[in-house]
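Subject: Structure for you to look at

Hi there,

I'm passing a structure on to you, and I'd be glad if you could have it open while you read. My notes come right after it.

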Amino acid sequence: MLLAVAVSCLLGFAGTSPTTKTYQNALIQSDAPDPGCFYDRTTEKFYCAHTCNGEGALCTNSQGNFPIYESSDLSSFEYVGVAQPPDTDGWAKDRFWAPELHPSPTGEGYVLFHTAGNADGNLCLGVSTAVNATGPYVPSNEPLLCNSDEENPTVGLIDSTLFVDDDGQPYLVYKVDGNSNGTPSNINIVALSTNATYVAEKDVSSHVTLITNDPDSWEGPCTEGPWIYDDHSKSGYLFLFYSGSMYNNVGYSVGVARSKSLFEGWEKSPDNPILHVGGEDSGFSGPGHCSVIDNELTDGEELAMFYHAHTGYREPTVDTERNMLLDFVRINEEGWPEMVNGGTPSEDVQEIL
Ligand SMILES: *[C@@H]1O[C@H](CO)[C@@H](O)[C@H](O)[C@H]1NC(C)=O
Ligand SMILES: *[C@@H]1O[C@H](CO)[C@@H](O)[C@H](O)[C@H]1NC(C)=O
């Protein structure tokens, strides 16, 4: 209580009106990498699922897979359980990574997209469905998609995201994990069935590549963590947010590409990376793997970007904790997304835009 009074006095001095909503990073102050977030119109809450498995195993909510956090105000997030209770993995055996929750494009229920290792040890993409936003999410019998590329058979598929176009046609966008074997890290797209749980075209080499890493740039060997935001009704563009460099480096960052058409013409922003570490005194480093959504809390013009970052400034040789952070994105006059707070993770109390 005392603390709350002190904070509101502080904000009063900063000239903020009493009704202004605020937040301060990190929103999840424990290991919460790869946050996939959405706003649920049924419950009028935000939900984020995150990776909680694999190398490092720093996450403590490991009973089952994919912890879910809930928020009604964007100032605080509360753990509400796992998307998949123990022993409901289906085909998936290990490396439960990069979950995303979405309302089903059919208008009924919810879908969870994620990465996992299958019985053959390959990294594949999976889908599960639920009646309620917080689950439980029941996996499909088979993986959604595994690598079928005979030219590059050892590489896995990871970091799936769902994009639904104006007509309600869902697409799967994912990363070919090329940096794991020294080949390009392509971000690919393929059509999903109308219920978003089936890919008919299993031949990965026939899928369209939207962007690839430029090894001579900040991206280095890796582009991953794709997320498409449809802004064509305003700026005329689709935006593809992605991460580049390696997840365990201070230099892991968020970039963006844009196009007027889903399958071709993607150009990367001249201002990439748009979100990156600040100086050596930064409280957070290596920001990445974002999800970018409308802020239905304020109906503001700005977009809410949820992402993870390592705590402190460090070049980890082993995995360190990655917290979940929030910062806002606006579309500038040139039609490019940019971070409202200048491109580094915010640390002080911020206004919810
Ligand atoms: C969904 O949520 C409702 C309301 O809380 C509950 O009654 C119902 O049992 C839930 N359904 C499932 C499948 O969990
Ligand atoms: C989803 O669509 C696929 C392909 O049309 C179909 O095989 C599957 O049964 C559908 N799933 C549900 C739950 O309706």
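Below are some notes on a hairpin, a sheet and a ligand site.

Please keep in mind that this is a predicted model.

Let me begin with the hairpin. Its two arms are β4 and β5, with 6 residues between them. Strand β4 covers residues 65-71 and β5 covers residues 78-84; the two run antiparallel and are joined by 5 bridges. If you want a pair to click on, Tyr 69 has Tyr 79 in β5 as its bridge partner. In the turn, have a look at Leu 74, where phi is positive at about 65°.

Next comes the sheet. It is an open one, built from 4 strands in the order β10-β11-β12-β13, with antiparallel pairing. At the edges sit β10 (157-164) and β13 (208-211), each of which pairs on one side only. On average, and ignoring direction, neighbouring strands in this sheet are turned by 30° against each other. Towards the β13 edge, strand β12 (residues 187-191) pairs with β13 through 3 bridges, in the antiparallel sense. One residue pair to look up there is Asn 188 and its bridge partner in β13, Thr 209.

Last, the ligand site. Which residues are around ligand 2? They are Ser 193, Asn 195, Thr 197 and Tyr 198. Sorted by class, this shell contains 3 polar residues and 1 nonpolar residue, with no charged residues.

Happy to go through any of this with you whenever it suits.

Best wishes

Definitions and conventions
Residues are numbered from 1 along each chain as its sequence is written. Chains are lettered from A and ligands numbered from 1 in the order in which they are written. This is a predicted model: local features need pLDDT of at least 70, side-chain atom pairs count only at pLDDT 80 or more; totals for chains, interfaces and linings use all residues. A residue is near a molecule or strand if its C-beta atom, placed from the backbone, lies within 6 Å of it. Ala, Val, Leu, Ile, Met, Phe, Trp, Tyr, Cys and Pro count as nonpolar, Asp, Glu, Lys and Arg as charged, and the others, Gly among them, as polar. Two strands pair if DSSP finds at least two bridges between them. Axes are lines fitted to C-alpha atoms, for helices over the stretch in contact, and angles run from 0 to 180 degrees between N-to-C directions.
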